[in-house]
Amino acid sequence: MCDPGQSEEARGSAQGSPVMKRLGVIATCAVGGSLFALYAVAAPFVAPALRKVIAAAKQGFHSVGFELNPWLVWYSRYRAWREGVHRHTSFHISNLWKVSFAQYSNVVIFGVPQMMEQLEAKLQSELQTSAKVVACRFPFPTWTPDHVAGEGIDTVWVYDAKTFKSQVTTAKLLKNSEDSTTPHQ
């Protein structure tokens, strides 16, 4: 903090001291390096998802994204703005497990294998019969896709809710009929 009684010359030399300049350069490099590292680590995972959301928005769909990591949400908002689709997109810092999908007619998921079984059950119970689900990179464990496109990490599986909801209903009916024909002990 500068002393009000200090001369202009003394204040200028204190603010522009070599130590202060060096600290500024170090801080700038640290922040820049951290952002670059975040981009380098996250880009291979986020870029395909973000490209698909932005492509959907460019086709006129209103796209909504949910992500727990605030940095990825801010980056997504920035990219949507840069691509000119920010009026058709919204990205929220939110826990996927606390979001209701009942209002959505199209859902695109970029999950990991460990979450797909639980997510399958969540979507099964929340989505309307008219919904479509697109899984990117990893398929759902028990649903039968209506369409598969791409290969490797660019593979997508398209599921129609009518199909997976009828599969579950049929499985429940078969189980109930087996239970009713099996003698109880």
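# Reasoning through a predicted model

Reader: What makes the meeting of the side chains of R79 and E83 a salt bridge?

Author: In this predicted model, the side chains of R79 and E83 meet with a distance of 3.7 Å from N to O. A salt bridge asks for a side-chain nitrogen of Lys or Arg within 4 Å of a carboxyl oxygen of Asp or Glu, and therefore the 3.7 Å between R79 and E83 meets the criterion. As general background, side chains of opposite charge can pair when their charged atoms come close.

Reader: Which residues are linked with E83 in a network of salt bridges?

Author: The network links K58, R79 and E83. Besides its pairing with R79, E83 meets the side chain of K58 at 2.9 Å, N to O. This second pair links distant parts of the chain, since E83 is in the loop between α3 and β2 while K58 is in helix α2, 25 residues apart.

Reader: How do you know whether E83 is buried or exposed, and what is K58 called on the same scale?

Author: The relative accessible area of E83 is 29%, and because partly exposed covers the range between under 20% and over 50%, E83 is called partly exposed. K58 has a relative accessible area of 51%, which is over 50%, so K58 is called exposed.

Reader: Which residue forms a salt bridge with D160, and how do you know?

Author: The partner of D160 is K132, with the closest N and O atoms 2.9 Å apart, and this distance lies within the 4 Å cut-off, so the pair is called a salt bridge. D160 lies in strand β6 (residues 156–160) and K132 in strand β4 (residues 132–136), so the pair ties together parts that are 28 residues apart in sequence. D160 has 14% relative accessibility, under the 20% limit, and therefore counts as buried, whereas K132 is partly exposed at 35%. The structure holds 4 salt bridges.

Reader: What makes β1, helix α3 and β2 a unit, and of which hand?

Author: Strand β1 (residues 63–67), helix α3 (residues 70–82) and strand β2 (residues 89–93) make a right-handed β-α-β unit. The two strands pair in the parallel sense over 5 bridges, and because pairing requires at least two bridges, the criterion is met. Within this pairing, V64 stands opposite S90 in β2.

Reader: Which residues does I93 touch, leaving out those up to four places away in sequence?

Author: I93, which is found in strand β2, touches E67, L68, P70, V73 and W74. I93 and N69 are 24 residues apart in sequence and 6.7 Å apart in space, C-alpha to C-alpha. With a relative accessible area of 45%, I93 lies between the 20% and 50% limits and is therefore called partly exposed.

Reader: Why are V19, M20, L23 and I26 called a nonpolar patch?

Author: These four residues, V19, M20, L23 and I26, form a surface patch with about 400 Å² of accessible area together. They are called so because a patch of this kind joins nonpolar side chains, including Val, Leu, Ile and Met, within 5 Å, among residues with over 30% relative accessible area and no salt bridge. I26 has its place in helix α2 (residues 18–58).

Reader: How many helices and strands does the chain have, and what percentage of its residues count as buried?

Author: The chain has 5 helices and 6 strands, and from the N terminus on they run α-α-β-α-β-β-α-β-β-β-α. Of its 185 residues, 28% count as buried.

Notes: Residues numbered from 1 in each chain as written. Predicted model: local features only at pLDDT ≥ 70, side-chain atom pairs only at ≥ 80, totals over all residues. Heavy atoms only, no water. Patch = residues over 30% accessible without salt bridge, like charges linked within 9 Å, V, L, I, M, F, W, Y side chains within 5 Å. Areas by Shrake-Rupley, 256 points an atom, 1.4 Å probe, with all protein chains shown as cover. Helix = DSSP H or I, 4+ residues; strand = E, 2+ residues; numbered from the N terminus. Right-handed = clockwise from strand over helix to strand, strands pointing away. Buried < 20%, exposed > 50% of the residue type's maximum accessible area, 1.4 Å probe, protein only. Contact = heavy atoms within 4.5 Å.
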